[in-house]
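Thanks, everyone, for making the time this morning. I would like to take you through one helix pairing and the residues around it, so please have the structure open as I talk.

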Amino acid sequence: MKKNSFFNRFTPKEPKFFPLLKQMSEVLLTASDMLIDCVQRSNPQERVDLYRQIKEQERIGDKLFQEIFNELGNTFITPFDREDIHHLAGYIDDVTDGINSSAKRIAIYNPKEISKIALDLALLIKQAAECIHNVIDQLEVLRRRPEKIMVCCSELHDIENKADDVYETYITKLFAEEKDSIELIKAKEIMYELEKTTDAAEHVGKLIRTIIVKYA
């Protein structure tokens with residue numbers, strides 16, 4: 001039978017979604033490490049170099065997301081709902097995009113200095129990336145270990161709450177103490193993008209919870 005026959009197109013294929021999702025989570029981990037480095041740099045060129053490295057990871061993530069999208073169109077039987085797989089890949093990609101956007105603002109705005117609070121947020125993003133990586137690593141055995149995955153989802157929620165608190169406290173202090181309006185805007189935009197990245201990570205956790213309810 002020819003490979004392009006009608007029957008073959010609808011024959012179940014070996015699912016590649018778990019390895020691809022895992023690769024996306026590994027890209028996210030790599031980018032989160034680079035972000036921690038980026039927020040600690042004061043040299044403008046070093047900031048730009050790290051942004052370019054993060055941008056390259058973001059492009060790899062985009063390619064993996066597109067590959068998952070293509071596989072969804074070519075695979076008859078999927079491990080769980082196509083829509084859930086598509087959304088999960090998209091949400092992981094959103095977190096990597098958030099890291100890229102944070103680094104981009106640091107490179108473009110080039111603030112005189114970056115508050116240590118940025119490092120606190122970057123470390124929370126790294127924690128979230130580790131949680132997502134752990135979740136994806138266990139997704140293939142979802143039915144056997146739903147409790148462990150739920151713990152990771154709860155941790156993503158807690159991380160987002162911590163990031164909210166850190167961000168709100170920082171912004172209150174920033175507007176009370178920063179006299180240079182340009183530096184204030186730079187700092188606010190950078191911190192906002194960092195905090196928003198933890199929101200994106202929590203969306204991954206919320207979707208995983210929905211998947212667990214459906215399939216565990």
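I will begin with the pairing, then turn to one residue, and end with the nonpolar core.

Please keep in mind throughout that this is a predicted model. The two helices I want to discuss are α2, residues 17-38, and α4, residues 82-109, whose axes come within 10 Å and cross at roughly 15°. Since angles under 35 degrees count as roughly parallel, α2 and α4 are therefore roughly parallel to each other, and their crossing is left-handed. On the α2 side the contact includes F17, L21, M24, S25 and L28, while on the α4 side I88 is not the name to look for but L88, together with, among others, I85, I92, D93 and S102. Sorted by character, the residues of this contact comprise 16 nonpolar, four polar and one charged.

Let me stay with S102 for a moment, which lies in helix α4. Is S102 buried or exposed? With a relative accessible area of 0%, S102 is buried, and, setting aside residues up to four places away in sequence, S102 touches L35, E193, L194 and T197.

Finally, the largest nonpolar core has 67 residues, and the members that touch the most others are I68, L88, I92, I132 and I208. Helices α2, α3, α4, α5, α6 and α7 each supply at least two residues of this core. As for I92, leaving aside neighbours within four places in sequence, I92 is in contact with L21, M24, S25 and L28, and also with I132, I136 and V204.

Definitions and conventions:
Residues are numbered from 1 along each chain as its sequence is written. This is a predicted model: local features need pLDDT of at least 70, side-chain atom pairs count only at pLDDT 80 or more; totals for chains, interfaces and linings use all residues. Side-chain values use heavy atoms; hydrogens and water are left out. Axes are lines fitted to C-alpha atoms, for helices over the stretch in contact, and angles run from 0 to 180 degrees between N-to-C directions. Helices (H or I, at least four residues) and strands (E, at least two) are DSSP runs, numbered from the N terminus. Angles under 35 degrees count as roughly parallel, over 145 as roughly antiparallel, 65 to 115 as roughly perpendicular and the rest as oblique. A crossing is left-handed if the near helix is turned anticlockwise from the far one by less than a right angle, and right-handed if clockwise. Contact means heavy atoms within 4.5 Å. Ala, Val, Leu, Ile, Met, Phe, Trp, Tyr, Cys and Pro count as nonpolar, Asp, Glu, Lys and Arg as charged, and the others, Gly among them, as polar. Buried means under 20% relative accessible area, exposed over 50%, partly exposed in between (1.4 Å probe, protein chains only). A nonpolar core is a set of buried Ala, Val, Leu, Ile, Met, Phe, Trp, Tyr and Cys residues joined through side-chain atoms within 4.5 Å.
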